[in-house]
Amino acid sequence: IQKSTHPDFEINENDFIAAVMSRDINKALKIYDMLSLKEEIEIRLISYLVSAFIAIYKMFDPKIKEYQGYNLNRELKLWGKNADKMKGIYEDYKSATNELKIMKAFDYIYRADKAFKTSSPDKRAIFTTLVSNLASL
């Protein structure tokens with residue numbers, strides 16, 4: 001990943017989520033590295049991952065088909081200019097997985113979150129393990 005010199009281009013949390021959803025471990029970890037240079041980003045990324053997997057899990061509910069457009073985005077808690085892009089990424093991920101794997105993802109995320117909060121961890125190692133586990137689903 002090369003940082004663009006374009007003023008409107010900046011790597012953000014959605015790029016990290018998209019890389020995880022595409023199971024691209026190297027890209028996800030490079031984005032994590034870039035984001036973590038600016039600030040302690042780990043807990044926010046965990047929060048974004050939880051939200052992403054909750055949205056994907058909701059997509060397995062047949063009732064979700066009743067929602068369209070803004071109402072669907074609201075139900076999935078997708079906001080802003082990237083909502084439709086992220087919804088497409090989530091739909092692709094959902095198509096390639098099942099509910100049991102989503103439940104396993106929650107377990108992986110919980111363990112990483114707990115490790116961040118209960119010890120003085122090697123943050124990069126925890127994120128490497130988390131991303132690798134999520135990519136293996």
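## Overall size and make-up

For a chain of 137 residues, a compact globule would be expected to have a radius of gyration near 14 Å, and the value for this chain, 15 Å, agrees with that expectation. The model from which this value comes is a predicted one. Taken along the principal axes, the C-alpha atoms fill a box of roughly 45 × 40 × 25 Å, and 36% of the 137 residues count as buried.

The chain contains seven helices and zero strands, so that reading along the sequence gives the pattern α-α-α-α-α-α-α. If one takes the contacts between residues at least 6 apart in sequence, 68% of them join residues that are at least 24 apart.

## Helix α1 and its surroundings

Helix α1, which covers residues 13–21, is mostly covered, with eight of its nine residues buried. These buried residues are Glu13, Asp15, Phe16, Ile17, Ala18, Ala19, Val20 and Met21, a list that includes the charged residues Glu13 and Asp15. What covers the buried residues of α1 includes α2 (25–38), α3, α5 and α7 (123–135).

## How α1 meets α5

Two packed helices are described by the angle between their axes and the distance between the axes. The axes of α1 and of α5, the helix formed by residues 83–95, come within 10 Å and cross at roughly 20 degrees. Because angles under 35 degrees count as roughly parallel, α1 is described as roughly parallel to α5. The crossing in which α1 passes α5 is left-handed.

On the α1 side, the contact is made by Asn14, Asp15, Ile17, Ala18 and Met21, while α5 contributes Lys85, Met86, Ile89, Tyr90 and Tyr93. Sorted by class, the residues of this contact between α1 and α5 are seven nonpolar, one polar and two charged. An α-helix has 3.6 residues a turn, so residues three or four places apart point the same way. The contact list can be read with this spacing in mind, for it includes Asn14, Ile17 and Met21 from α1, and Met86, Ile89 and Tyr93 from α5.

## Two partners of helix α3

Helix α3, made of residues 42–58, also packs against α5, and here the axes come within 9 Å and cross at roughly 65 degrees. In this case α3 passes α5 in a right-handed crossing. The residues that make the contact are Ala52, Phe53, Ala55 and Ile56 of α3, together with Tyr90, Tyr93 and Lys94 of α5. They divide into six nonpolar, no polar and one charged. Tyr90 and Tyr93 of α5 take part in the contact with α3, and both of these tyrosines also belong to the contact of α5 with α1.

Helix α3 has a further partner in α7, and these two helices pack at an angle of about 15 degrees, with their axes 12 Å apart. They are therefore roughly parallel to each other, and their crossing is left-handed. From α3 the contact draws on Glu42, Leu45, Ile46, Leu49 and Phe53, and from α7 it draws on Lys123, Phe127, Leu130 and Leu134. By class, this contact of α3 with α7 has seven nonpolar, no polar and two charged residues. Phe53 of α3 appears in this contact with α7 and also in the contact of α3 with α5.

## Residues in the loops

Some loop residues also deserve a look. Arg23 lies in the loop between α1 and α2, and its phi is near 65 degrees, a positive value in a residue other than glycine. With a relative accessible area of 26%, Arg23 is partly exposed, because that class lies between the cut-offs of 20% for buried and 50% for exposed.

The loop between α4 and α5 holds Lys77, which likewise is not a glycine and has a positive phi of about 60 degrees. Lys77 is exposed, with a relative accessible area of 56%. Gly80 is also found in the loop between α4, which spans 69–76, and α5, and at 60% relative accessibility Gly80 counts as exposed. From Gly80 to Leu137 the separation is 57 residues in sequence and 28 Å in space, C-alpha to C-alpha.

Technical notes
Residues numbered from 1 in each chain as written. Predicted model: local features only at pLDDT ≥ 70, side-chain atom pairs only at ≥ 80, totals over all residues. Heavy atoms only, no water. Axes fitted to C-alpha atoms, helices over the stretch in contact; angles between N-to-C directions. Helix = DSSP H or I, 4+ residues; strand = E, 2+ residues; numbered from the N terminus. Parallel < 35°, antiparallel > 145°, perpendicular 65-115°, else oblique. Left-handed = near helix turned anticlockwise from the far one by under 90°. Contact = heavy atoms within 4.5 Å. Rg over C-alpha atoms; globule rule 2.2 N^0.38 Å. Buried < 20%, exposed > 50% of the residue type's maximum accessible area, 1.4 Å probe, protein only.
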